[in-house]
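Good morning, colleagues. I would ask you to turn to the chain on the screen, and I shall take its architecture step by step.

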Amino acid sequence: MKKILVLMTMLCYISLTYAQLNNNTEPYIPKVGDTIRNYTFPDIVNYSSKSVSIKELRGKWLVLDWWAPGCVGCIASMPKLDKMQMDFKDSVNILLVGLYGKEKGSARNQTKKLYADLERKNKLKLTAAFDSASFDQN
């Protein structure tokens with residue numbers, strides 16, 4: 001289980017780090033034992049504040065799960081991730097990161113509405129961030 005969580009986190013973190021390093025064309029690839037760099041996710045639901053940073057989530061395993069409305073597998077996994085979060089709440093933080101655009105009328109804006117519908121339908125309590133910056137690869 002720990003190997004899967006580490007692998008998922010590392011793969012997702014590579015994408016996140018690359019998006020934040022605008023001046024460097026080479027992505028930072030963490031190695032086992034490295035401390036994850038800090039990043040603040042804005043626009044959070046099911047959390048005690050409106051944003052959360054990686055630094056605030058230290059002390060537990062961290063699973064970052066990027067998703068978009070078109071990812072059927074991502075959406076189907078949400079109830080299972082919610083159960084995992086409840087079962088391992090003392091040792092794991094799961095943070096869904098939904099693709100979210102600020103352009104009016106954008107299909108990307110459907111992410112928040114879709115998550116709210118899924119949250120209501122499946123009684124999800126997962127912390128979710130809506131952050132297009134961590135998706136950008138430029």
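The secondary structure of this predicted model consists of three helices and six strands. Read from the N terminus, the elements follow one another as α-β-β-β-β-α-β-α-β.

Let me turn to the sheet. How are its strands ordered? Four strands make up an open sheet, arranged 2-6-5-4, and the pairing is mixed. Strand 2, residues 44–45, and strand 4, residues 61–67, are the edge strands, each of them pairing on one side only. As a general reminder, strands of a sheet pair through backbone hydrogen bonds, in either a parallel or an antiparallel sense. Between strand 4 and strand 5, the latter being residues 92–98, the sense is parallel, with seven bridges. To give a specific position, Leu 62 has Asn 93 in strand 5 as its bridge partner.

I come now to the helices that lie across these strands. Helix 2, residues 72–87, lies across strand 4 and strand 5, and its direction makes an angle of about 155° with strand 5. Helix 3, residues 110–122, lies across strand 2, strand 4, strand 5 and strand 6. Relative to strand 6, residues 127–130, helix 3 runs at about 165°.

Finally, some totals for the chain. Of its 138 residues, 36% are buried. The accessible surface amounts to about 8,400 Å², and carbon and sulfur atoms contribute 57% of that area. What share of the contacts with a separation of 6 or more joins residues 24 or more positions apart? For this chain, that share is 62%.

Methods. Residues are numbered from 1 along each chain as its sequence is written. This is a predicted model: local features need pLDDT of at least 70, side-chain atom pairs count only at pLDDT 80 or more; totals for chains, interfaces and linings use all residues. Side-chain values use heavy atoms; hydrogens and water are left out. Helices (H or I, at least four residues) and strands (E, at least two) are DSSP runs, numbered from the N terminus. Buried means under 20% relative accessible area, exposed over 50%, partly exposed in between (1.4 Å probe, protein chains only). Contact means heavy atoms within 4.5 Å. Accessible areas come from the Shrake-Rupley method with a 1.4 Å probe; for residues, only the protein chains shown count as cover. Two strands pair if DSSP finds at least two bridges between them. Axes are lines fitted to C-alpha atoms, for helices over the stretch in contact, and angles run from 0 to 180 degrees between N-to-C directions.
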